[in-house]
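Visitor: Could you take me through one small part of this model up close, and then follow the thread outward from there? I'd like the details residue by residue.

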Amino acid sequence: MDSTEFRKRGMEMVEYICTYLETLNERRVTPSVEPGYLRHLLPSEAPHEPEDWDQIMSDVEDKIMPGVTHWQHPRFHAYFPAGNSFPSILGDMLGDGIGCIGFSWAASPACTELETIVLDWLGKAIGLPDHFLALKEGSTGGGVIQTSASECVLVTMLAARAQALKRLKAQHPFVEEGHLLCKLMAYCSKEAHSCVEKAAMICFVKLRILEPDENASLRGQTIYEAMEEDELQGLVPFFVSTTLGTTGSCAFDNLPEIGKQLERFPGVWLHVDAAYAGNSFICPELKPLLKGIEYADSFNTNPNKWLLTNFDCSTLWVRDRIRLTSALVVDPLYLKHGYSDAAIDYRHWGVPLSRRFRSLKLWFVLRSYGISGLQHYIRHHIKLAKRFEELVLKDKRFEICNQVKLGLVCFRLKGSDKLNEKLLSIINESGKLHMVPASVNDRYIIRFCAVAQNATAEDIDYAWDIIVDFANELLEKEQHDELSDIINRKKQDTLAQKRSFFVRMVSDPKIYNPAINKAGTPKLSMELPSPVVSRGNAPIIRTQSSVDHNSWISWPLAFLFNSGNNEDKGNNVSLRFRHLDTNVRHSSSRRNSGAGSSPSPENELDIVSAQQEQRSPRRSPNVMRKASSSRDNPN
């Protein structure tokens, strides 16, 4: 591709980008693809011969775009804004065209000096103290562009660790650094970004995660008590990461309280992570949220979130740049130059050596919009968030779960976490809207953020209508499922009750047989003749029948005895008593009962033949003693 074709293709690319952004609302917010979809659409090896540009762009639309999540979509309300604007895109294009690698002043003076100037511009607009500004007379601080907020937290923790080890080494010169390292303790809130935990892992230091208050704000007393306790355990507090605008709910740690408490612990580095909210401090009415920044040793915010600047562009300021660079300096001969003492070399301010010309796009944005234009953009997003909050509050089925100060609203259906998980899942699966969850105060909440640069009130109303429609559908289904569960439980309870009734009916006949219940439980007479008589080799057991059909055998068993006397019934009705070592079989002979007669004639003995099972002879006396005892004690 020569310059002539580049002009042509460049114009086509600008047109493609403009068309893409203008027609985003016609696409799904999120792709409907499965992991590995692209592997089956592209060759397994790079092409050996050059391919036509038109074919490449055709594949972009046919193969790449179906798998893109559209962060600039007006229905995208997840995470935080992904900064994007035409001036920023053009700035990146120019930086890529220049193609310099600005690791030192000598490598590209303009790359270094523009970054220093632009960071001072932005720092002043935010309201940072003078000691954070590189070009302020007497200042030892300054700003630098990093890749992300995660990198900002990492390099500040590395700097704090180096300072702490240096101090401890001076106090204990004969102790190995490895032993001193294991004593270092860092602190952050439970609501802090996960990058703090990752930074602690990389730095090989301990991290204590503290509980915030009910508003998800870390308090000064909590920090003080934790540090005091750790010092008593022989640990050394060295780093505290606070957050202004947490990822989960945009909560603000109490910076003034924390800063005052840290004055009791000299040498502890206080970092302030304001990746999202920090951009809003360019608005005068929001500067009170920055209160306490004078205590901080470092501060970061991300213009690539809320200042219309494309990723990557995370800005970091430090109070003392020497404390930062001394932890990261590696100075081989081939990187030295004659102005090292007079100029800033940004290769000492972070992990990577090579650096892009990122200050160009931020410079383009600040000049194209001006501070007033960026303030209008931020206020517009806050207004949209307030509108969404009002819509939520009007529906009593929902609740707001955070203090809506900026552009993030946290809400949920009143009910279980599982219910809200289902709601978010079906909304995201539809492709009509995209949001993400968070856990705040151990509750599952849904985050709604005003994201798109040109978002309108109609976009907010549309989003709420989608949420309400899916909520109605879900609640109806939940009510139906709940009713079905109630009916099923009732059926199970009824079946269990029937089973219990049968068991008790057999076990306690006086409750369920009115005749028995009315007459009471009869007692067996001790004056009866011996129930066992001999007829040949088979023993006979005799039972006393009564006129009113009372019997010490439960009435269902008596029914079986009665049924056994009918001619159309079988002759063998065999019963086994669980509490006796005896099998009883009713004799249905006419000689014993008479034709058509009842088994319970007045003063008549019914003869029942029974055959004693072959059991251990030792158990029979025990059974007889138990029976005798039960007769003597009717209770």
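Guide: Let's start with D213 and R219, whose side chains are joined by a polar contact of 3.2 Å. This is a predicted model, so read every distance here as a property of the prediction. D213 sits in the loop that runs between β3 (206-210) and α8 (220-232). Its relative accessible area is 15%, and because the cut-off for buried is under 20%, D213 counts as buried. If you skip the neighbours within four places in sequence, D213 is in contact with R219 and N441.

Stay in that loop for a moment, since A216 lies between β3 and α8 too. A216 is not a glycine, yet it has a positive phi of about 65°. With a relative accessibility of 1%, A216 is buried.

There's another residue with that kind of backbone angle: Y79 has a positive phi of about 55°, and it isn't a glycine either. You'll find Y79 in the loop between α2 and α3. Y79 is partly exposed, at a relative accessible area of 39%, whereas A216 is buried.

Keep following the loop between α2 (53-64) and α3 (86-98) and you come to S85. S85 is buried, with a relative accessible area of 3%. Its side chain reaches the backbone oxygen of L308 at 2.7 Å. Leaving out neighbours within four places in sequence, the residues in contact with S85 are L308, N310, V365, Y369 and Q453.

Two of those names, L308 and Q453, turn up again around an enclosed space: they help line the largest cavity, along with Q72, P81, A82, G83, N84, Y377 and V451. Searching the whole structure for cavities of 30 Å³ or more turns up one, and the largest cavity holds about 30 Å³ of space. Sort its lining by type and you get five nonpolar residues, four polar and no charged.

P81 gives us a way into another space. The second largest pocket has about 660 Å³ in it. Its lining has 31 residues, and W71, F80, P81, N304 and K305 are the closest to the centre. As for secondary structure, α3, α5 (149-171), α10 and β10 (436-440) each give two or more residues to that lining. The largest share is from β10, which supplies three residues. By type, the lining of this pocket splits into 14 nonpolar, 13 polar and four charged residues, while the lining of the largest cavity has no charged ones.

From α10 it's an easy step to one more backbone detail. D312 lies in the loop between α10 (303-306) and β7 (314-318). The peptide bond joining F311 and D312 is cis, with omega at about 5°.

Last, a word on the cysteines. A search of the whole structure comes back with zero disulfides. Take two cysteines as examples of how the surroundings can vary: C283 is buried, at 0% relative accessibility, whereas C182 is partly exposed, with a relative accessible area of 34%.

Technical notes: Residues are numbered from 1 along each chain as its sequence is written. This is a predicted model: local features need pLDDT of at least 70, side-chain atom pairs count only at pLDDT 80 or more; totals for chains, interfaces and linings use all residues. Side-chain values use heavy atoms; hydrogens and water are left out. On a 1 Å grid over the protein atoms alone, a cavity is a set of points where a 1.4 Å probe fits but cannot get out, and a pocket is an open set with protein on both sides within 12 Å along at least five of seven lines; lining residues have an atom within 4 Å of a point. Grid points are joined across faces, edges and corners, and a volume is the space filled by probe spheres set on the points. Ala, Val, Leu, Ile, Met, Phe, Trp, Tyr, Cys and Pro count as nonpolar, Asp, Glu, Lys and Arg as charged, and the others, Gly among them, as polar. A disulfide is a pair of cysteine sulfur atoms within 2.5 Å. Buried means under 20% relative accessible area, exposed over 50%, partly exposed in between (1.4 Å probe, protein chains only). Helices (H or I, at least four residues) and strands (E, at least two) are DSSP runs, numbered from the N terminus. A polar contact is a pair of N or O atoms within 3.5 Å; within protein, one must be able to donate a hydrogen and the other to accept it, and residues adjacent in sequence count only if both atoms are side-chain atoms. Contact means heavy atoms within 4.5 Å.
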